[in-house]
Amino acid sequence: MQQSMHLKSFELFAHDINDVDVKLLHALTIAVRWPHRQKDWEFLRRVGHGIVAVDGIGRVFGSAMWFPQGDDFASIGLVITTPRTQAQGGGRWLMAQVLERCGQRNLALNATHAAYPLYVSLGFTSEAVVYMRQGQTQHTLPPLPELEGELTALTGDQLAEIAALDARAFGANRAQLLASLSGVSSTVVLSRGGKIAGYSMCREFGRGHQIGPTIALNEQDAAHLTAAHLKALPGRFARVDTRERDGMFAEFLENSGLAVAETVTTMSKGRRFLNREANQPWVYGLAGHAVG
Ligand SMILES: CC(C)(COP(=O)(O)OP(=O)(O)OC[C@H]1O[C@@H](n2cnc3c(N)ncnc32)[C@H](O)[C@@H]1OP(=O)(O)O)[C@@H](O)C(=O)NCCC(=O)NCCS
């Protein structure tokens, strides 16, 4: 594979994403109108790996990250090229670098409309639509059926149990990521019959707060877990990324002030990524587009 590429008159090299000033990464997301703050980039760099396309004088023209979870899986995200250099092969070159570094891992990503043809051409297949819901949260939330179980704040000794539940829903062990997320999130746990039946995290992200991951056994539980965070954010900007197109959970989000702003497509390469089964835990809210 080519170790550098010529893009217009620039020769670009792949550098480790940790070797550049976070301000340059922030400039990339601003250029493509994504909401990431410098703090969001710093978090993503702590929990994942990445490369940037850099020219001879240190200018950054693109980025791509991957987030290994468990032994045989990684999610890919933050694939960006600066608008003035798009459609000239930069995105394809960045993805070739990432695919080489991910080796034999099974892969998943959430493709924007702009990136979809690129991923199809690289052998990724579509699995589901993700609805990015966001907005100012309502001061009064829509009524919910009675909660079965009890909601409490996460304690440190519950992390292993929520990671085990999460692995059943997500399909890969992301215990390390969850430990890092719990350090920057408020986390609500749903217990029923002495066992953890669901959990939800909420952290500052972009323009406000991102609620997710939210893992639950059914949509009523998912709505209660999400409501626990929304109650703490009246009138504030919140975001939930979910694969629920309709049904009770989607309606609850809609009536809480979170309208669909955009959709992306979950795609995979290697083994199938999403495996939903009746009465099994499911990912109702994503941790984010990049980390799945
Ligand atoms: C998606 C993105 C990374 C692609 O980067 P890029 O540098 O334009 O990609 P490339 O030039 O390597 O093009 C890759 C493929 O995309 C498609 N493509 C790129 N520009 C296109 C255009 N203007 N019209 C139609 N297709 C286009 C083509 O299929 C192309 O394949 P080809 O090599 O056979 O021509 C870039 O558009 C971007 O940063 N977009 C905003 C952020 C984003 O959505 N990121 C994706 C996150 S999942």
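User: How many Å separate the centres of domain 1 and domain 2?
Analyst: The centres are 28 Å apart, taken over C-alpha atoms. This is a predicted model: local features need pLDDT of at least 70, side-chain atom pairs count only at pLDDT 80 or more, and totals for chains, interfaces and linings use all residues. Residues are numbered from 1 along each chain as its sequence is written, and side-chain values use heavy atoms, with hydrogens and water left out.

User: Which residues belong to each domain?
Analyst: Domain 1 is 4-104 and domain 2 is 131-285. Domain bounds come from an automatic or database domain assignment.

User: How many residues are in contact between them?
Analyst: On the domain 1 side, 11 residues; on the domain 2 side, 15. Contact means heavy atoms within 4.5 Å.

User: Which residues touch the most other members in the largest nonpolar core?
Analyst: Trp41, Phe67 and Tyr199, in a core of 63 residues. Domain 1 and domain 2 each supply at least three residues to this core. A nonpolar core is a set of buried Ala, Val, Leu, Ile, Met, Phe, Trp, Tyr and Cys residues joined through side-chain atoms within 4.5 Å. Buried means under 20% relative accessible area, exposed over 50%, and partly exposed in between (1.4 Å probe, protein chains only).

User: What does tryptophan 41 touch?
Analyst: Leaving out residues up to four places away in sequence, its contacts include Val22, Leu25, His26 and Thr29. Met65, Leu78 and Ile80 are also among them.

User: Some of those sound like helix α1. Which residues of α1 are buried?
Analyst: Helix α1 spans residues 22-31, and its buried residues are Val22, Leu25, His26, Leu28 and Thr29. They fall within an arc of 150° seen down the axis, so they line one face of the helix. That arc is taken from the directions from the helix axis to the C-beta atoms. Helices (H or I, at least four residues) and strands (E, at least two) are DSSP runs, numbered from the N terminus.

User: Why do residues three or four places apart point the same way?
Analyst: An α-helix has 3.6 residues a turn, so residues at that spacing point the same way.

User: What covers the buried residues of α1?
Analyst: The cover includes α2 (38-47), β3 (49-54), β4 (60-69) and β5 (73-81).

User: And what caps the N-terminal end of α1?
Analyst: Aspartate 21 does. One of its side-chain oxygens lies 2.9 Å from the backbone nitrogen of lysine 23. A polar contact is a pair of N or O atoms within 3.5 Å; within protein, one must be able to donate a hydrogen and the other to accept it, and residues adjacent in sequence count only if both atoms are side-chain atoms.

User: What follows α1?
Analyst: Arginine 33, with a positive phi near 60°. Arginine 33 lies in the loop between α1 and α2.

User: Is arginine 33 buried or exposed?
Analyst: Exposed, at 78% relative accessibility. Alanine 87 also counts as exposed, at 87%. Alanine 87 has a positive phi of about 65° although it is not a glycine.

User: New topic. Where is alanine 53?
Analyst: Alanine 53 lies in strand β3. It is buried, with a relative accessible area of 3%. Its contacts beyond four places in sequence include Leu12, Phe13, Trp93 and Leu94.

User: Last one. Which peptide bond is cis?
Analyst: The one from glycine 212 to proline 213, with omega near 5°. Proline 213 is in strand β11, residues 208-216.
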